[in-house]
Amino acid sequence: MDLNDFSVSHVEGKSRVGLLKTSRGCVETPVFMPVGTAATVKAMLPETLEAIGAQILLCNTYHLMIRPGEKVVNHLGGLNTFMNWSGPILTDSGGFQVMSLAKLRQLDENGVTFRSHVDGKKFLLTPEASIMIQETLKSTIIMAFDECTPFPVEKKIAEKSMKLSSRWAERSKSSFKGSNGSMLFGIQQGGMFQDLREESACYLNDIGFDGYAIGGLAVGEPQQKMFQVLDYSSDFFPKHKPRYLMGVGKPSDIVGAVLRGIDMFDCVIPTRSGRNGQAFVENGTINLKNAQYQLDKNPIDEACGCYCCSNYSRGYLSHLVRSNEILASLLLTLHNVYFYISLMKKIRELIKRGEFTAFAKKIC
Ligand SMILES: [Zn+2]
């Protein structure tokens, strides 16, 4: 098997188990990528991430280009050395954060001019600049630059935006050098409109990418709406390439998306919830701030094998959360990321045994 290759080993309906071979090692899919926004998965040590089975991390181009700047990261050895993580790292293109966080943005055919939400400094992000920044960061998987439309959006606007993203995808591919052995993924857009999603996929397939992401979902639409788009969206892409659903999601979103042929996921939910005192359990989340847990001697989850559940009671964790202790964030983030990674492992095992569809139908 060559580098930057993807092979599918098991299929059940549209769900599949695959192996993505990157320049930084192999990734078993379906996979969840913990989010390391500013080159750190908040409240987690890289060695803990590795110990609990994290295979690949996501970092945000927008955050790193404005602080500390890609040249600083490059000077300090590139993202892997900089953050002491030896496995693969996927960077997003910056497009989504420019739309959601940046100030005074102006968009034209060339790209987006904006002011940083941190210090107001002016930046220009174009497809060429986004790819150059991601190559300077020495990212393992680089994302094409796109525009993400909100929900709901009129069809005319979604179409215009999708066509712009398609032209930007072509420019992203043309400027991609692959000098660090990295891969380049394209991003499908088109809102909630099937014909636009198909047209977008056609453009991307013609250009040719190492993997295909489905963008413009998880932007506030109901879960059933997202599933409707996924029902047809993944079919437009070649079977022998990985498919990545950006920014998703809750456990039931992930299960439903794997059922519809998705291989890769990222989301801030497990880490952000952990910092807010919420812990994932089999049927949802529990909020440890609630008074009912103050005298609770049980771990978050009896069945969980993580360090937090092996050593600490809900009562102690509730105390830490109420006291705003840093250890609360560390332990709850660890449990939540462990929960997500264990879920993905379980999904892979169920697909291998041909039992995933039955499991998924009970959840979503
Ligand atoms: Zn646990």
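In the predicted model, strand S2 and strand S3 (residues 25-29) run antiparallel and are joined by 5 bridges. Leu20 faces Val27 of S3 across this pairing, and 2 residues separate the two strands, which form a hairpin. On the N-terminal side, S2 also pairs with strand S1 (residues 5-12), again in the antiparallel sense, over 7 bridges. Here Val11 stands opposite Arg16 of S2. S1 and S2 likewise form a hairpin with 2 residues between them, and Gly13 in the turn adopts a positive phi of about 60°. Strand S2 itself, spanning residues 15-22, is mostly covered, with 6 of its 8 residues buried.

Both S1 and S2 are contacted by helix H15. In this helix (residues 356-363), Phe356, Phe359 and Ala360 are buried. Viewed down the axis of H15, the buried residues lie within an arc of 95°, so they line one face of the helix. This arrangement follows a general rule: an α-helix has 3.6 residues a turn, so residues three or four places apart point the same way. The buried residues of H15 pack against S1 and S2, and also against helix H10 (251-259) and helix H14 (326-353). Ala358, Lys361 and Lys362, on the other side of H15, are exposed.

A separate open sheet consists of 8 strands in the order S4-S14-S13-S12-S11-S10-S6-S5, with parallel pairing. Its edges are formed by strand S4 (31-34) and strand S5 (57-59), each of which pairs on one side only. On average, neighbouring strands of this sheet are turned by 25° against each other, direction ignored. Within the sheet, strand S6 (residues 89-91) and strand S10 (residues 141-143) run parallel and are joined by 2 bridges; Leu90 has Ile141 of S10 as its bridge partner. Helix H6 (residues 127-136) packs on the sheet, where it touches S6, S10 and strand S11 (183-188). The direction of H6 makes about 160° with that of S10.

Leu57 is located in strand S5, one of the two edge strands. With a relative accessible area of 1%, Leu57 is buried, because this value falls under the 20% cut-off. Leaving aside residues up to four places away in sequence, Leu57 touches Met33, Pro34, Val41, Leu49, Met83, Trp85, Pro88, Ile89 and Leu90. Of these contacts, Leu90 is also the residue bridged to Ile141. The C-alpha atoms of Leu57 and Phe32 are separated by 8.5 Å, and the two residues lie 25 residues apart along the chain.

The model also contains a zinc ion, coordinated by the SG atoms of Cys304, Cys306 and Cys309 and by ND1 of His335, at 2.1 to 2.3 Å. The spacing of the donor residues in sequence is C-x1-C-x2-C-x25-H. The site is tetrahedral, with angles of 98 to 117° among the 4 donor atoms. For four tetrahedral donors, the ideal angle at a metal is 109.5 degrees. Two of the cysteine donors can be placed by their accessibility: Cys304 counts as buried at 14% relative accessibility, and Cys309 is buried with a relative accessible area of 9%.

Methods: Residues are numbered from 1 along each chain as its sequence is written. This is a predicted model: local features need pLDDT of at least 70, side-chain atom pairs count only at pLDDT 80 or more; totals for chains, interfaces and linings use all residues. Side-chain values use heavy atoms; hydrogens and water are left out. Buried means under 20% relative accessible area, exposed over 50%, partly exposed in between (1.4 Å probe, protein chains only). Helices (H or I, at least four residues) and strands (E, at least two) are DSSP runs, numbered from the N terminus. Two strands pair if DSSP finds at least two bridges between them. Donors are N, O and S atoms within 2.8 Å of the metal (3.2 Å for Na, K and Ca); water is not among the atoms, so sites may look incomplete. Four donors count as tetrahedral if all angles lie between 85 and 135 degrees; four count as square planar and six as octahedral if opposite donors are over 155 degrees apart and all others between 65 and 115; anything else is irregular. The arc is that of the directions from the helix axis to the C-beta atoms. Contact means heavy atoms within 4.5 Å. Axes are lines fitted to C-alpha atoms, for helices over the stretch in contact, and angles run from 0 to 180 degrees between N-to-C directions.
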